[in-house]
Structure formats: C-alpha cells, structure tokens
Amino acid sequence: MRVLDGSYGDEPQPLDIVVTRQDVLDEASFRSTGVLELYEHLFPAIERDSPDDILRWLLSDDVGGIRHFSVGGQEMSYRLDSRCFILRATGRAIGLGFFTYDHASDMIFCNHVGIGKTWRGNGLARAFYRELVDMLDALFPRNVGVVLEVEPFDRDRVAAITADLEQTGRRPLAAAEQDQIGRLLRVSWYDRLGYSVFCDARTMRPLACRSPCLDPSLPSSAWAAGEEDYWLMWQPRTGAPDAEARAGPLWRKVATAIYVEILAKSLVALDPDGRRGYWDYATALVAGTLQRSAASDVHLARCLHDDDRALLTRWRRLAIDLPI
C-alpha cells in the first residue's frame, strides 16, 4: 500500500493506493473495494471487459508465469503480469489503473486509467498516475516504458463541432459529437503526461495501427467488423535510452507486443485447437499493419500541435462537462 500525499476532495482525507497480488490477494477483497463498480461507471460498455475476465487475468492467468500452448503443432509461450492499482478513500475505490507487463518485450501496456468524476481536479489524476509509474518501475525493474492505445480523432470534425457550439449555444451534444470530443480530450490528457505518438515523419500524422477483433468466439466472417484503428502512444521509462533514435524498430516491437504477445496469444491459449483460425487471422492483420508502415520514416512526436491546443482552449471556454 502507498499513501498519496496532498489535499484532495471537498473534505481532505488520507488516500492510498493498493495493488492486486500485493495488497489485494483474492476475489473477495478485490470486489470489496468497489473497483468493479467504479470501472463500470467510468468506461462505456463497448470499452469494458467482463468482470470474470478481469479477475481471471489479475488473479490467476496473467500472474508472471510462463504459459505454454501449441497451435497447429507449433509450440508457443507467453508471459504476462497484469496488475490493478486501486486508489481508495476510506477503503473505497475512487480511481483505478489496469496495466499488463509483457516479459517478452519488457513493455508495460496501459489498459485503463480513470478517476471518479467527483474526485477530479486539484491535480489528483496526475498525482495518481505518477505514483502508478513509480510503483510499476518498482514491480518491473526491467521495463523500458509504457504503451497505450488511443482512438484517433478527426481534427476537422472536432473543429466543426466546436464552431457550431460557439455559434449556436446549443446543448447537449449528439452521441457522435461527444465521441469525437472525448477522443481529443483523452489524447490531450496523455499528451500532458508526456506521452509521444508514433507518426510518419513526412506528414507528421500518427500512424494507424489496426487491432484485431477482440472476440474470437464470433464467426470468422464477423471478425473484420470488430477491428478498430488506434494511434499508439509511448512513454519511455525515466532514464531509458533515447527512443527517437530507434523509433522504427520500437514501433514494430510495440505493435507486436500489444497485438500478438498480449492479445492474440492470451486469447488463443484458452482454446488452441478451436482458435487456430483466429491466430492466423490476428497475426496476418498485425503483419499487414507493419508491412504498410515499412516504408514510413517513423518518428516519435507530441500528439497535439499548436492548432490542436488552440482548439482545446476553445472547447474549454464552452464549459461543457463531458466525461472522458
């Protein structure tokens, strides 16, 4: 357990951070924190994993051991360690961070980070995140940095939505409009934390990475409809070698770690015989992403440009409370 110093909330009180398999040892104690209810409140259904899957990953499957399986006679293995960091006030969850460490790449994947709405402000989210990074470094001293996915936002679309709101004063936003603004706000948060995005140096546009369908139990004909494009953001560990000099190899390593080592292997290992087709599909999709970007001069850069920041300023002046 780690105590978070500072005064937060309407009535300042001690806050602490506990982590699974260190402070929170079993399903009962995990559920008793209220973290699953907070998770459901913070993230829309389309972004959430099932509680049973989360518990399985955190407490039994992804616990740092090597897992072996075979696909079509080919022996494979992977080694993951997933942890949930729970920020508590008087024993109840008010924030969470769900991370997975991949031993093959020494990379940490950020699955989810969030703070309860009533606790946002006064720098709590930033303080919580900084404590998380320190705790991750202590748990995984060989890690080289943290990677995460963000949904691409359409700058022109966000600008048009903002201009219309400024001119008409209308409220509330349509669901599609909320989605676009929310994407920008999420990117801006990680940008402020110092993350960089992988982009094409010639255009300075982020590289799109296509994620395989997350549900291999669907008919194979439905997998393509379950794919999503993401931008990948990267934050090297403090003191790690300069990543910019090796951005191209790092991009390939990051994509492989997320979509093969963490995603595809863990899904296929549950049913190696029944999911061989999914393995072929997922690895081919990742290979296609890497092939399309092979000719790119990959660069790491801040995701938001001056125009984006000006757009954010205009959005904030509208004073619309939009959860992200």
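Which residues have the most contacts inside the largest nonpolar core? In this predicted model, they are L87, F99, Y129, Y190 and W315, and the core itself runs to 51 residues. Here's a quick tour of that core, of a buried histidine, H112, and of the hairpin that β3 and β4 form.

**Nonpolar cores**
- Helix α4, covering residues 124-139, gives the most to the largest core, chipping in eight residues.
- There's also a second, separate core, with 40 residues; M76, C213, I258 and W279 are among its members.
- If you skip its neighbours within four places in sequence, Y190 is in contact with C110, V113, L148, V150, Y195 and M233.
- As background, nonpolar side chains tend to be buried together in soluble globular proteins.

**Around H112**
- You'll find H112 in strand β6, which spans residues 107-115.
- H112 counts as buried because its relative accessibility is 10%, and the cut-off for buried is under 20%.
- Side chain to side chain, H112 makes a polar contact with Y39 at 3.4 Å.
- Leaving out residues up to four places away in sequence, H112 touches Y39, F43, E47, D49, L96, G97 and F98.

**The β3/β4 hairpin**
- Strands β3 (residues 63-71) and β4 (residues 74-89) pair up antiparallel, with seven bridges.
- Across that pairing, R67 of β3 sits opposite Y78 in β4.
- Two residues lie between the strands of this hairpin, and G72 takes a positive phi near 60° there.

Definitions and conventions. Residues numbered from 1 in each chain as written. Predicted model: local features only at pLDDT ≥ 70, side-chain atom pairs only at ≥ 80, totals over all residues. Heavy atoms only, no water. Core = buried A, V, L, I, M, F, W, Y, C linked by side-chain atoms within 4.5 Å. Buried < 20%, exposed > 50% of the residue type's maximum accessible area, 1.4 Å probe, protein only. Helix = DSSP H or I, 4+ residues; strand = E, 2+ residues; numbered from the N terminus. Contact = heavy atoms within 4.5 Å. Polar contact = N/O pair within 3.5 Å; in protein donor to acceptor, adjacent residues only side chain to side chain. Pairing = 2+ DSSP bridges.
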